[in-house]
Amino acid sequence: ALIVTVVLTVIAVLIACVVGAVLSFFMCYEVKYVSAIANGLSFLFRSTPVLLFMLFLDFGPFRGSHFPALLTAAIAIGLYGAGHVSEVTFKTIKEHEDFNNKEIRRRLRKSFFTAAFPEGIERGRFQIKRLLIQLFQWTTVAGYIGANDLTQVMQDIGNRTMYPFFSIGFSIVIYLCITILIELGFELIEKKFIKMDK
């Protein structure tokens, strides 16, 4: 169950980064209509509660298709993350670039995925860190559509043993430990960035 939770988190983070990068690309360069659609999708993804989006996918597009519950949950969590990644990078890039200058916009369009997007991630790294932890925490709702994640297994153990408090407490400890590991990982990354800046 722990492996399922970690795999779910990794897939969700990959979806968030890839889809978020594409959305922020179109949001930044204000291509007529396309930019409006990208902004609308970003708003939709970050504003829809993950559980509702997960249930919508499970009972809607993926109903009867035998689509794995793990991937359904990962897509729902990943798209939620993509909405936030696109918003964070869009705002940080726009704050630090002169978007009234057509030449700067043209150069950024060419180097968006190699320079502008990574720089936007770096500038908004605190918000990105919080988002990654949030995506990890959202995996707790995967059991609603049958994904055999850590929370679902802990609940099953509690129901069978009649000691739900112990299994829930143990689950909380595991989530806290993984959150601490994420925090430590970002601290190391931030120290590396500070050294590079010097």
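Accessible areas here come from the Shrake-Rupley method with a 1.4 Å probe.

**Figure 1. Welcome to the whole chain, a predicted model.** With that definition in hand, the surface comes first: the protein chain exposes about 11500 Å², and carbon and sulfur atoms supply 68% of that area. Turning inward, 37% of the 198 residues in the protein chain are buried.

**Figure 2. A chain built with nine helices and zero strands.** Following the sequence from start to end, you will read the pattern α-α-α-α-α-α-α-α-α. How do contacts link up residues at least 6 apart in sequence, and what share of them join residues at least 24 apart? In the protein chain, that share is 76%.

**Figure 3. Confidence along the chain, with helices α2 and α5 in view.** The average pLDDT of the protein chain is 77, and 75% of the residues score at least 70. Which element has the highest mean pLDDT, and which the lowest? Helix α2 (residues 34-47) has the highest, at 88, while helix α5 (residues 102-110) has the lowest, at 64.

**Figure 4. A nonpolar patch on the surface.** Here you can meet the four side chains of Leu 2, Val 6, Val 10 and Leu 14, which form the patch. Together they have about 330 Å² of accessible area.

**Figure 5. A closer look at Leu 14, one of the patch residues.** Leu 14 sits in helix α1, which covers residues 2-28. Is Leu 14 buried or exposed? Leu 14 counts as exposed because its relative accessible area is 53%, and exposed means over 50%.

How values were computed: Residues are numbered from 1 along each chain as its sequence is written. This is a predicted model: local features need pLDDT of at least 70, side-chain atom pairs count only at pLDDT 80 or more; totals for chains, interfaces and linings use all residues. Side-chain values use heavy atoms; hydrogens and water are left out. Patches are made of residues with over 30% relative accessible area and no salt bridge: like charges are joined within 9 Å, nonpolar side chains (Val, Leu, Ile, Met, Phe, Trp, Tyr) within 5 Å. Helices (H or I, at least four residues) and strands (E, at least two) are DSSP runs, numbered from the N terminus. Buried means under 20% relative accessible area, exposed over 50%, partly exposed in between (1.4 Å probe, protein chains only). pLDDT is the predictor's confidence in each residue, from 0 to 100. Contact means heavy atoms within 4.5 Å.
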